[in-house]
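Me: I want a close look at a single part: the shell around the ligand. Start there, then work outward.

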Amino acid sequence: MRFRLEVKALIEVLNLINGQFCTTEECLENLNPATSKQTSVIPRSTASDVDAAVIAAKRAFPAWAILSYEERADWLDRIADALEAKSEEIAALESMDTGKPISLARAVDATRSIVNFRFFAEQVRELEVERFEMEDASNHVVMQPVGVAGLITPWNLPLYLLSWKIAPAIAMGNTVVAKPSELTPLTADLLARTLVEIGLPAGVVNIVHGYGHEAGQALTEHPDTRIISFTGGTATGKIVASTAAPMFKKLSLELGGKNSTIVFADADMKKTVAGVARAGLLNQGQVCLCGSRILVESSIYDQFMADLCKHIEAMKLGDPSDESTELGSLVSKEHRSKVESFIQIAKDDGGVICTGGKRPDIEEGAFLEPTVISGLDINSTCSTEEIFGPVIVAHPFDTEEQAVTIANGVEYGLAASVWTTDLEKGRRVSEALDTGMVWVNTWLHRDLRTPFGGTKASGVGREGGRWSLSFYSEAQNICIKQ
Ligand code: NAP
């Protein structure tokens, strides 16, 4: 099987610095992972490009910072309106750049990217000054803008995650320099063009493309970026932290996960099988929150595994631009090789491939069958390390305590889900889990006002609602003696 190439001419992705589009001497090729064909060329920004972007952001800061919340919220709404008019283009570009199904790119990526701007517009409009009265004095807290924010994002949810950082950062009066993943630059480029079209003041948002170890590193170590917000892998997070922390920058790290899905015998089986498959495989398993480690109560283990494999085998894998496709391509052939190497490790460790485990019959692209593995030791590599692909490992458990111990026995602490009709048990188990987020009888059910983030190696800090507003500002207490 072969898929058609969607672009007629190469797209030229450009940096946005101080309201101007520019490129670099050296450029990088960007491919459609589902066809292996080149779609675009992107700048390979160096430290001097990053420096120019930070200077522009610094220059734009004072005028942007003195606007009222209402004025900045109006800008966010204008951005949302302009993106909404292009939502189908966002979905198409995101699907082409990442290999994800168009239906997913439309329902999740395009929709959330627009909602992020509207949501944070609303959040700052509702922001109230906190006051603490004393007998002889009164305190009030001013949430001051910090300065230039460096925002670094991964490839799995490109505009969704970029807008999740840009919107609260600029809403709170900061100016930004963003570095998207070089694997998925197309919707960041669309955002840049949109910002210029609507006349956002020059320098408020700057976007530099290129490699993480070059442009990303330069942004992190730049003395004038006072905030670093990073979403990506735990290994990269360590490098970012070791650079930014000694410079006392405000630092948010949203990192990897190895999230458990705990299925009790009393769960509603039909809904649970579908929910567990979705949690494990959405976006080809390339979501930090994916439940890639399924723990199933022993009494239902065999039946559950049979039903789960049957459900997964019925999922439609193929052309991401086909409306009925449920599973697309992985983000690159290099990433697929990495995922395949984990499958090989699982086999070497005595794991049993219950379904999947190989490439489907598709000539081009980075496709891989959704894979379920059983029979591994709970401490084995594939049961404890983040694979970030369509690979689920399954283990039986006997007691509630054992399920909690296994779930907590990894270095990560991002998320988990618990499936049971006993809601008291669901609450009890959730509170015993060492993760930033837990869903009961659902997964990735998001209210944007709630805290998002992980414990242990899954990161530092929280995003979402007031947590984002607080991260992108400095709380200044003013105490006035009467
Ligand atoms: P990654 O390799 O860590 O890259 C993330 C971003 O950091 C990219 O823009 C990357 O640029 C850049 N980067 C690389 N080296 C850098 C350096 N030395 N300094 C500054 N920036 C640098 O992660 P990924 O493979 O793109 O994304 C997958 C990972 O992200 C998974 O572990 C997943 O769990 C995690 N993730 C976490 C969340 C969350 O909210 N917790 C959400 C989504 C994804 P290049 O692309 O050029 O390398």
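Reply: α7 gives the largest share of the shell around the ligand, five residues. The model is predicted, so to speak of local features takes pLDDT of at least 70 and side-chain atom pairs count only at pLDDT 80 or more, while totals for chains, interfaces and linings use all residues. Residues are numbered from 1 along each chain as its sequence is written, and side-chain values use heavy atoms, with hydrogens and water left out.

α7 covers residues 212–221. Helices here are DSSP runs of H or I with at least four residues, strands are runs of E with at least two, and numbering starts at the N terminus. α7, β11 (225–231) and α8 each supply at least two residues of the shell.

The shell holds 32 residues. A residue is near the ligand if one of its heavy atoms lies within 4 Å of it. Glu182, Gly212, Thr236, Leu255 and Glu386 come nearest.

Now the polar pairs. Glutamate 182 places a polar side-chain atom 2.2 Å from a ligand oxygen. For glutamate 386, the corresponding distance to a ligand oxygen is 2.5 Å. Tryptophan 155 has an N or O atom in its side chain, 2.9 Å from a ligand oxygen. A polar contact is a pair of N or O atoms within 3.5 Å; within protein, one must be able to donate a hydrogen and the other to accept it, and residues adjacent in sequence count only if both atoms are side-chain atoms. On its own, the ligand has 900 Å² of accessible area, and the protein covers 88% of that. Areas come from the Shrake-Rupley method with a 1.4 Å probe; for residues, only the protein chains shown count as cover.

Back to α7. Which of its residues are buried? Ala215, Gly216, Ala218, Leu219 and Thr220 are. Buried means under 20% relative accessible area, exposed over 50%, partly exposed in between (1.4 Å probe, protein chains only). Their cover includes α1 (47–65), β8 (148–152), β9 (175–179), β11 and α8.

Lysine 249 meets this helix too. It sits in the loop between α8 (234–244) and β12 (250–254). Lysine 249 is buried, at 9% relative accessible area. Its side chain reaches the backbone oxygen of threonine 220 at 2.8 Å. Residues up to four places away in sequence aside, lysine 249 touches Leu219, Thr220, Glu221, His222, Pro223, Thr225, Arg226, Ile228 and Ala244. Contact means heavy atoms within 4.5 Å. Glutamate 221 lies 28 residues from lysine 249 along the chain, and their C-alpha atoms are 9.7 Å apart.

Further out come the sheets. One is an open sheet of seven strands, in the order β15-β16-β17-β14-β13-β19-β20, with mixed pairing. Two strands pair if DSSP finds at least two bridges between them. β15 (352–355) and β20 (437–440) stand at the edges with a single partner strand each, so one side of each has no neighbour in the sheet. The twist averages 25° from one strand to the next. Axes are lines fitted to C-alpha atoms, for helices over the stretch in contact, and angles run from 0 to 180 degrees between N-to-C directions.

β19 (residues 415–419) and β20 run parallel and are joined by four bridges. Valine 418 has valine 440 in β20 as its bridge partner. Helix α10 (residues 301–313) packs on this sheet. It touches β13 (260–263), β14 (293–297), β15, β16 (371–374) and β17 (391–397). The direction of α10 makes about 55° with that of β15.

Threonine 261 lies in strand β13. Threonine 261 is buried, with 0% relative accessible area. Beyond its neighbours within four places in sequence, threonine 261 contacts Val276, Gly291, Arg293, Ile294, Leu295, Ser417 and Trp419.

An open sheet of three strands follows the order β6-β7-β23, with antiparallel pairing. β6 (130–133) and β23 (474–481) are its edge strands, each pairing on one side only. Neighbouring strands of this sheet are turned by 20° on average, direction ignored. Four bridges link β6 to β7 (residues 137–144), and glutamate 133 has serine 138 in β7 as its bridge partner.

Last, a hairpin. β4 (residues 27–32) and β5 run antiparallel, joined by six bridges. Cysteine 27 is bridged to proline 43 in β5. Four residues lie between the two strands, and serine 36 in the turn has a positive phi of about 65°. β5 (residues 37–43) also pairs with β1 (residues 11–12), in the parallel sense, over two bridges. There, glutamate 12 stands opposite valine 41.
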